[in-house]
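Student: Hi! Could we go through this structure together? I'd like to begin with the ligand.

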Amino acid sequence: MDNVKKTVFSGVQPTGRITLGNYLGAIRNWSPLQDEYNCLYCIVDLHSLTVKQVPAELRKNTMELVALYIACGIDPSKSALFIQSHVHEHAELCWILDTIAYIGELNRMTQFKDKSRKHADNINMGLMNYPVLMASDILLYNAQLVPIGKDQTQHLELARDLAIRFNGRYSDTFAVPEALMFKSGSSIKSLQDPSAKMSKSDTNENAVVSLLDDKDAIVRKFKRAVTDCDTEVRFAEDKPAISNLLNIYSLCSGESIADAEKRFAGRGYGDFKLAVADSVIAVIEPIQAEQKRLVADKAYLESVLKQGAEQAERIARKTLDKVYRKVGLVGRIR
Ligand code: TRP
């Protein structure tokens, strides 16, 4: 990897459906970074184990997400695309960082509290440790830039704190990472409740567009999307539902919000909703076709994963060796 370029690291869990929100807010913004930075794009399967999974489904989702990354423009010849559990240094660094992370600071994490409420029968140590594993993902590669959604800022802040704490205690070792946020797409809302983010785990089918939804489902969901009181297609704070649809339309069609407002002036919500659905379908359909083709080509996906893990491991090994030395572990004699 190029030493002059900065390093970017990001990851998505292979759980459930990837939403239009995940795509517009995150994955879509990853491919343009590939020329300017050294990019590592990871499928964080170990994180997924913090909530109960059906093993066969987890395995299937993981390979589908690999294909989806590539279908969304991640180019394995430019970026390291790999599965977290393939590079065991992630779990090992997590242990070391655990020894400097305080129970108090993990206990305060908003997402930990939310997930504890949601999965009250399974508040496991991994759930609490989740942000430390995420910090390990980032710090192992000395990533300076981390594309994340707003909901992950607290976790990134912890990664920064742990880097600074480790550097202070043992001498300079880790780069202190910064969040890379994409304004436009980071706030795609639920189609049923524009005050909530469009979330993978939403139980209301109509609230969420999945990247794997077929045409009919997409049209149906936009037709049923909630709207605001009047009938004007206008972007405004007091019109959160229509503003969300305008945002989606603009991101998918490439037309500015102002131009879209003009185009739909006086045409009512029905027409507008269909146009939003069409713009989404035009973006999603080619991705689905490419993903389907890739999922069928297991040999290719495996070759990508092999190469990605090797690339990542080279960097991870070096960092972990250094960390082990700094904390006073005796290196293995070979
Ligand atoms: N916690 C992130 C999320 O749910 C996923 C993630 C794990 C991640 N490790 C990461 C994101 C490292 C960025 C960098 O969105």
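Student: Which atom of the ligand is close to the side chain of glutamine 152, and at what distance?

Tutor: A nitrogen atom of the ligand is 2.9 Å from an N or O atom in that Gln152 side chain. Keep in mind that this is a predicted model.

Student: OK. And what about tyrosine 130 and aspartate 137?

Tutor: An N or O atom in the side chain of Tyr130 is 2.7 Å from a ligand nitrogen. For the side chain of Asp137, the distance from an N or O atom to a nitrogen of the ligand is 2.7 Å.

Student: How many residues surround the ligand in total?

Tutor: There are 13, and the closest are His47, Tyr130, Met134, Asp137 and Gln152.

Student: Let's switch to pockets. What's the volume of the largest one?

Tutor: The largest pocket comes to about 1500 Å³. It is lined by 47 residues, and those closest to its centre are Gln111, Asp151, Gln152, Lys197 and Lys200.

Student: Which elements give two or more residues to that lining?

Tutor: Two strands and four helices do: S1 (7-12) and S4 (145-147), along with H1 (20-30), H6 (110-118), H7 (125-140) and H8 (153-170).

Student: How does the lining divide by residue class?

Tutor: It has 23 polar, 14 nonpolar and 10 charged residues.

Student: And cavities, how many of 30 Å³ or more are there?

Tutor: Just 1, with a volume of about 40 Å³. Its lining consists of Gln111, Phe112, Lys115, Leu127, Tyr130, Pro131 and His155. H6 and H7 each supply at least two of the lining residues.

Student: What classes are those lining residues?

Tutor: The cavity lining has 4 nonpolar, 2 polar and 1 charged.

Student: New topic: what span does helix H3 have?

Tutor: H3 covers residues 55-71, 17 in number, and reaches 24 Å from its first C-alpha to its last. That is close to the 24 Å expected at 1.5 Å a residue.

Student: Which H3 residues are buried?

Tutor: Among them are Leu58, Asn61, Thr62, Leu65 and the run of Val66, Ala67, Leu68, Tyr69, Ile70 and Ala71. Glu64 is buried as well. Just after the helix, Gly73 takes a positive phi of about 105 degrees.

Student: Where is serine 79, then?

Tutor: Ser79 is in the loop between H3 and strand S3 (80-83).

Student: Why does serine 79 count as buried?

Tutor: Because its relative accessibility is 1%, and buried means under 20%. The Ser79 side chain also makes a polar contact with the side chain of Gln34, at 2.8 Å.

Methods. Residues numbered from 1 in each chain as written. Predicted model: local features only at pLDDT ≥ 70, side-chain atom pairs only at ≥ 80, totals over all residues. Heavy atoms only, no water. 1 Å grid on protein atoms, 1.4 Å probe; cavity = no way out; pocket = protein on both sides within 12 Å on 5 of 7 lines; lining within 4 Å. Points joined across faces, edges and corners; volume = space filled by probe spheres on them. Nonpolar A, V, L, I, M, F, W, Y, C, P; charged D, E, K, R; others polar. Expected span 1.5 Å × (residues − 1). Buried < 20%, exposed > 50% of the residue type's maximum accessible area, 1.4 Å probe, protein only. Near = heavy atom within 4 Å. Polar contact = N/O pair within 3.5 Å; in protein donor to acceptor, adjacent residues only side chain to side chain.
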